[in-house]
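Colleague: Could you take me through one part of this model up close? I'd like to hear how the helices pack against each other, and then what the sheet looks like.

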Amino acid sequence: MTIKIEPGWNDALAPEFSKPYFTKLIDFVKSEYKNYTCYPKGKNIFAAFDSCPLDKLKVVIIGQDPYHGEKQANGLCFSVQDGIPHPPSLINIFKELKTDIGKTSPKSGNLSHWAAQGVLLINATLTVRAHQAGSHQRKGWETFTNAVIRHISENKQNIIFLLWGGYAKNVGKHIDTSKHLVLKSGHPSPLSANRGYWFGNKHFSKANEYLASKGIPVIEW
């Protein structure tokens with residue numbers, strides 16, 4: 001199968017596309033999309049890469065699964081399509097934005113404007129069966145997305161990694177902290193946030209402070 005994604009990412013990730021695990025993964029995904037309702041739409045599976053060119057990359061945010069409800073997932077982690085009610089985790093992200101930098105919660109939960117500024121919004125698993133969280137885990141996506149993180153760590157400088165929750169923090173082992181900034185906190189889901197592990201992390205202002213210190217344009221969150 002030919003994978004068509006943003007040229008910079010395509011060149012960087014081409015070795016992964018030819019590996020046996022990836023061929024097996026794509027066969028699985030094709031079968032799932034043929035036999036079940038799956039999210040996001042096929043054209044949006046690699047939207048995180050298409051929306052954030054590799055040469056513009058500044059920040060990486062790692063989610064776990066795409067949203068599995070109807071019309072929610074758009075291929076960017078924590079993001080939903082325009083006009084879709086904000087899921088609980090996204091509500092808490094916007095609450096922290098308000099507290100941290102004074103940004104009023106937007107009407108749309110579509111985070112594509114973050115991606116356009118250099119924020120890679122990537123889920124560890126890029127697809128999911130409708131209404132079945134975790135249904136496409138351990139099929140090969142994690143191997144691929146870990147390879148993405150390693151490539152960024154090894155080949156880029158001064159990237160900010162925002163690791164929210166246990167799963168994202170585990171990905172941190174692939175990141176060279178001597179070259180990049182890693183900020184960790186609890187997950188923005190209500191279960192974690194309401195226990196005090198999310199609110200007050202100030203990741204958005206800290207990210208911009210780091211970018212500014214390196215002479216890199218900040219993110220308009």
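**Helix packing and the sheet**

Modeller: Let's start with a helix contact: helix 1 brings Trp-9, Ala-12, Leu-13, Glu-16 and Phe-17 up against Phe-144, Ala-147, Val-148, His-151 and Ile-152 of helix 6. Sorted by type, the residues of that contact come out as eight nonpolar, one polar and one charged. Bear in mind throughout that this is a predicted model.

Now the geometry. Two packed helices are described by the angle between their axes and the distance between the axes. Here, helix 1 (residues 7-17) and helix 6 (residues 141-155) have axes that come within 11 Å and cross at roughly 135°. The two helices are therefore oblique to each other, and helix 1 passes helix 6 in a right-handed crossing.

Helix 6 has another partner in helix 2 (residues 20-35): these two pack at an angle of about 125°, with their axes 9 Å apart. That angle makes helix 2 oblique to helix 6, and the crossing is left-handed. On the helix 2 side the contact uses Tyr-21, Phe-22, Leu-25 and Val-29, while helix 6 supplies Trp-141, Thr-143 and Phe-144. The residues split into six nonpolar, one polar and no charged. Phe-144 is worth finding on your screen: it is listed in the contact with helix 1 and also in the contact with helix 2.

On to the sheet. Four strands form an open sheet in the order 3-2-5-6, with parallel pairing. At the edges sit strand 3 (119-123) and strand 6 (181-185), each pairing on one side only. From one strand to the next, the twist averages 20°.

You can walk across it strand by strand. Strand 3 pairs with strand 2 in the parallel sense over five bridges, and one spot to look at is Gly-63, which stands opposite Asn-123 of strand 3. Strand 2 (residues 59-63) then pairs with strand 5 (residues 160-164), again in the parallel sense, over three bridges. Along that pairing, Val-59 stands opposite Ile-160 and Ile-61 stands opposite Leu-162. Strand 5 goes on to pair with strand 6, parallel and over five bridges, where the bridge partner of Leu-162 is Leu-183. So Leu-162 ties into both neighbours: it faces Ile-61 in one direction and Leu-183 in the other.

How covered are these strands? In a regular strand the side chains alternate between the two faces of the sheet. For strand 5, five of the five residues are buried, so this strand is largely enclosed by the rest of the structure. Ile-160, Leu-162 and Trp-164 point one way and Phe-161 and Leu-163 the other, every one of them buried. Strand 3, although an edge strand, is mostly covered too, with five of its five residues buried. Val-119, Leu-121 and Asn-123 are buried on one side of strand 3, and Leu-120 and Ile-122 on the other.

One last helix ties in here, helix 9 (residues 203-213). Its buried residues are His-203, Phe-204, Ser-205, Ala-207, Asn-208, Tyr-210 and Leu-211. Their cover includes helix 4 (88-101) and helix 5 (112-115), along with strand 5 and strand 6 from the sheet. After helix 9 comes Gly-215, with a positive phi near 75°.

Methods:
Residues numbered from 1 in each chain as written. Predicted model: local features only at pLDDT ≥ 70, side-chain atom pairs only at ≥ 80, totals over all residues. Heavy atoms only, no water. Pairing = 2+ DSSP bridges. Axes fitted to C-alpha atoms, helices over the stretch in contact; angles between N-to-C directions. Buried < 20%, exposed > 50% of the residue type's maximum accessible area, 1.4 Å probe, protein only. Parallel < 35°, antiparallel > 145°, perpendicular 65-115°, else oblique. Left-handed = near helix turned anticlockwise from the far one by under 90°. Contact = heavy atoms within 4.5 Å. Nonpolar A, V, L, I, M, F, W, Y, C, P; charged D, E, K, R; others polar.
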